[in-house]
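User: Please take a close look at one metal site in this model. I would like to know what holds the metal and how the site is arranged.

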Amino acid sequence: MQIQIESQPYAALDTDALVTYVFEKDDKFEGVLGEIDRGMNGRLASLAASGEITGKALETLLLHFPEGLAAKKLLLVGAGKPGKFQVSDLRKIAGTALRQLKSRGAKKITFLTREGENGEAAAQAVVEGLIVADFESNKYQSEKKQREVQTVGLAGFDPSADLHSAIQEGRIVAESMNFARDMINEPSNKLTPRILASRAEAMAKEAGLAIEILDERKIAELKMGALIGVAQGSIEPPRVILLRYTPDNAKPAGPVLGLVGKAVTFDTGGISIKPANNMEKMKYDMGGGATMIGAMRAIAALKPSVPVIAVIPATENMPGGRAQKPGDVQTAMSGKTIEVINTDAEGRLILADGVFYARKLGATHLIDAATLTGAIEVALSNVHVGAFGVPREYLDTFLESAKAQGEKMWPMPMDDEYQQMIKSDIADIRNTGSGKGGGASTGAWFIKEFAEDTPWIHLDIASTCWADEGRPWLAKGPTGIAIRSIVDFAMKMK
Ligand code: BES
Ligand code: MN
Ligand code: ZN
């Protein structure tokens, strides 16, 4: 998809569809919308009066052969209440327009922005919305729909803004999200830990990141007992993927951001096996790892001022003759001993070694992302990412990035009572809670036992990393959630 800045007046643009947006109620058709309305002899105003145009968020109206415009169609997308509107809403508006017009066979479309939103941030949001909306999960279908929007023009933007870099940056972020989404989509027979590692390697070479892949021998040498315990049930060997971004003038004793992502390429539950229903979805259980690999791709291009390392422990979780069993005790790389009560609580086990290793490599600040618990869906549905973190100020700074990026995340409790629930009778800790609820918080506390006093954030993306249903601006399947927030946070870190 080519994206270009239009310099001609929008009314004269030869395009399959001109897209713009309309606010709820108090929209008086001012500015460009007023111009368009006058060109159509007040047709928009009368459609609003009759209730055809409401401006409700993402409601759309398509008008053919609009008078006064060279465009073949005019698509109006609802923007909701003007008081609630944020620049990041432009993503959903642009995405909704793209998906709707693509399905109708449009080849060239033009996005006309409005007076309040014509700077760099707006242009970047539109570009991100378009490219993310364009993603399709049809890789293994023999007959692909031929529909493709080839060109999108951006009109109405401020010519004195740096629109070229805004487009460039939007493209980097969105393509990194799609890169992660493509990996999350892959079935587990097409994406083993080794294949995930080679995909990360190819990306790193292209993006200019340093990469190291630890194989099962190196993992054993490092005594990553928690990861090994999970991996031993599978004939596929585990990997630890290590990506490194180093800025040109890093401060010698400055902060180092450590990103740790859970990459279970398939989670059967192990000996504590999962029920058959919906088990196929567990190919997505490497979503946290893909999130961090995608974030590193964007970080390599956007070049924050702090060094960033990513540690992605990758394994299958399988039952089998050599699989670990409930009650087994494993010794993590940190030396802590873990009683494995439930082999299906495997994500926290591999993160224990991932988080500890990231600290050993010099990370002073940590973020982990994981499809960790079903409990987070009970708490937050598919609406918010569960965000845990200590100290609270560190988490709050991150939540500001999430807000700015329009990614919904909700702070979750880390009180000491949850720590009590993972005490073991025979080892230092156990890998599940007491069975009295709070499953997302006990899971988080387990990871924190290995982050210790390093500032740490844990993102439970189990219910937000995959959309079971499509949305107007997004295909069903992997969402790419959290990448934008993590990249934004890294860019603002000093
Ligand atoms: N990958 C799953 C989390 C998950 C479960 C995602 C259900 C989506 C739906 C994770 O490894 C897991 O199995 N967690 C268990 C933990 C429990 C055994 C303490 C869970 O949440 O059921
Ligand atoms: Mn599991
Ligand atoms: Zn899992």
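Analyst: The model is predicted, and the site described here is that of the manganese ion (ligand 2). Asp267 (OD), Asp344 (O), Asp344 (OD) and Glu346 (OE) coordinate the manganese ion (ligand 2), at 2.0 to 2.2 Å. Asp344 thus appears with both O and OD in the list of donors.

Along the sequence, the donor residues follow the spacing D-x76-D-x1-E.

The geometry of the site is irregular, with angles of 71 to 168° among the six donor atoms of the manganese ion (ligand 2). As a reference, ideal angles for six octahedral donors are 90 or 180 degrees.

The manganese ion (ligand 2) has a zinc ion (ligand 3) 3.1 Å away, and aspartate 267 bridges the two.

The accessibility of two of the donor residues can be added. Glutamate 346 has a relative accessible area of 1% and is therefore buried, as buried means under 20%. Aspartate 344, at 22% relative accessibility, counts as partly exposed, because partly exposed covers the range between under 20% and over 50%.

To sum up the site, Asp267, Asp344 and Glu346 supply the donors of the manganese ion (ligand 2), aspartate 267 also reaches the zinc ion (ligand 3) as a bridge, and the arrangement of the six donor atoms is irregular.

How values were computed: Residues numbered from 1 in each chain as written. Chains lettered and ligands numbered in written order. Predicted model: local features only at pLDDT ≥ 70, side-chain atom pairs only at ≥ 80, totals over all residues. Heavy atoms only, no water. Donors = N, O, S within 2.8 Å, 3.2 Å for Na, K, Ca; no water. Tetrahedral: all angles 85-135°; square planar, octahedral: opposite > 155°, others 65-115°. Buried < 20%, exposed > 50% of the residue type's maximum accessible area, 1.4 Å probe, protein only.
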